[in-house]
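Take a look at the chain shown here. This report visits one side chain and then one pair of helices.

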Amino acid sequence: MGLSFLPATVALAGTVLAAAWFGCSTSQPFNSAGCRGGSGSEFCACLPDGSCNAGLACATDLQECVHLAGTPPLATGGSSGVTGGTSGGSTGRGGNSSSGGTGGSHVTGTGGNSSSGGSPSSGGGSGTGGGGVLARGPAPAANGTNFPFPQNRQMSSCVYPTGYDNNDVLAAYAKWKNDLITSNGAGGFQRVQRTASDPLGSGATPLNSTVSEGIGYGLVIAVYMGDQALFDNLWKYEQLHLDSNGLMNWSIDATGNTTMANGQTVGQGAATDADEDMAWALVMADKQWGGQGSLSKSYGAYALQQIQNVWNHEVVDSKLAGPGDGWPGNLWDNINISYFAPAYYRVFKQVDPTHDWDAVNQTVFDTIFGAADNGAGALSSANKNATNGLVPAWCTSNGGSSGAGPFYYQYDSCRTPFRIGIDWCLNATSAAGAMTAINPARAQKYVALTSAFFSGIGAVNVVDGYNMDGTVNSSAHSVSQGQSAAFLGPAAVGAMNSSTFQPFVNASYALLKGNDLLIGGAYYDESWDVLSLLMLTGNFLDYTQLTPAK
């Protein structure tokens, strides 16, 4: 939205209200130098604790104090511009494709993203679409959804792209859903399918197949977008493809069978990263909707079951998140750091207090930095990555190479700044305290390294593969061939940890918002694009820490 002196908008109780800036007065204890805007439209920053003085409210998206006044006409049109309909959405945005819908008031209405926009009289602005951006959240609880999109709850420990637009997220989500969600081969439900642009994985991930990882991504995206029907359908599909441990087999072909290659079944067994994402999404679904939706039991019951299955079958020696439930050998020699999810483990501890999730959390950081940050982990002088944070795809517990997979920063490893970075953003305040082995400050320490590296390169120059020393790996595509959202998105999320990296966060967002950095394949890159945009806009949240807006 940027620094504007025009009225902004906030959503309240299902309506759209105009907000007049009203902050720099004797009732607000800021010096006059902090006031901006013309006469009658002054505004100033919220207090450090996020509050404002009497009569004012903190617009969290801008961190500015506002006085709500006036109610313009409500938006017209259908309830869903997201799916590309021709009518405007509930907040006055047009369809995402085809002809633009009818916009709302001039403050919030936007026309269609392609073809012709809304009319000047209904869309605001000109005939090519309405002006302005979709109102910032937090949207109040409504229609059985406690945290409707958008929420835009910005954590004080992190920075966010300047002027981000919720419409970018909606458009990216619509594209992701259109490109990847199918009911074909889904047993009457829905699934996330791989496309012709995605690698075949030596036959283990054939055309139009589904991997458990994709179901995990889909569930997380659906819960944050408030799409309960999609969430339920993805979970029901997952339940059709369980192994003997109650976890989803990792690869299912387009016909709904566990994937086979060269006459051998290769898709059996679970993948820990997928199962963790599913568990997290189920906990969030319990907070988002409660009850059970169209499922056979409650979201909360499924969440506990999933978390305990992960513990019982994928946590090694009660402290290591291993690669899956069917791996042979010494799993301390087959570690995938991008499977580590410290923010999740803090929540799993709340749901499942009978198991030591703190120990699993400690192993995350001990594996990266070495015990007590002694430099004997995956980041080390020997690996030449001690200052750049570029973890290998697979390694041993002391940072050595593993027979399980590549030893460079690739399409697994690139997720690590996201998984570690969200721990700092979501938990820096609530979990702060003494410097313990699981203090989220260790998360910030990690993403400070990756952020310095990637911001030094520049968002437009990030490629899809690096050696441990930061040089470009021979597998990487040149920028002229295309970029990968799976690399840039998580790097940007990691960079949210400090205002030092604000320019990189802004530049990354500008590239990601189109959801077209797809050199790694549509399924993987689009999924990570949407996940990253959700986090960058304050919509990827830990609902267990939040209260629904009213």
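## Q288 and its polar contacts

The side chains of Q288 and Y543 are joined by a polar contact of 3.4 Å. This comes from a predicted model. The Q288 side chain also reaches a backbone atom: the nitrogen of F147, at 2.7 Å.

## Where Q288 sits

Q288 belongs to helix α5, which covers residues 272-288. Is Q288 buried or exposed? Its relative accessibility is 0%, so Q288 counts as buried; the cut-off for buried is under 20%.

Which residues surround Q288, leaving aside its neighbours within four places in sequence? Q288 is in contact with G144, T145, N146, F147 and P148. V223, G226 and Y543 are in contact with Q288 too. Two of these names have come up already: F147 offers its backbone nitrogen, and Y543 its side chain.

## Two helices side by side

Now turn to another part of the chain. Helix α9 spans residues 416-427, and helix α13 spans residues 522-536. Their axes come within 12 Å and cross at roughly 15°. Angles under 35 degrees count as roughly parallel, so α9 is roughly parallel to α13. The crossing of α9 past α13 is left-handed.

## Where the helices meet

Which residues of α9 and α13 meet? From α9 come F418, R419, I422, C425 and L426. From α13 come W528, L531, S532 and M535. Sorted by type, the residues of this contact are seven nonpolar, one polar and one charged. R419 in α9 is the charged one, and S532 in α13 is the polar one.

Notes:
Residues numbered from 1 in each chain as written. Predicted model: local features only at pLDDT ≥ 70, side-chain atom pairs only at ≥ 80, totals over all residues. Heavy atoms only, no water. Axes fitted to C-alpha atoms, helices over the stretch in contact; angles between N-to-C directions. Helix = DSSP H or I, 4+ residues; strand = E, 2+ residues; numbered from the N terminus. Parallel < 35°, antiparallel > 145°, perpendicular 65-115°, else oblique. Left-handed = near helix turned anticlockwise from the far one by under 90°. Contact = heavy atoms within 4.5 Å. Buried < 20%, exposed > 50% of the residue type's maximum accessible area, 1.4 Å probe, protein only. Polar contact = N/O pair within 3.5 Å; in protein donor to acceptor, adjacent residues only side chain to side chain.
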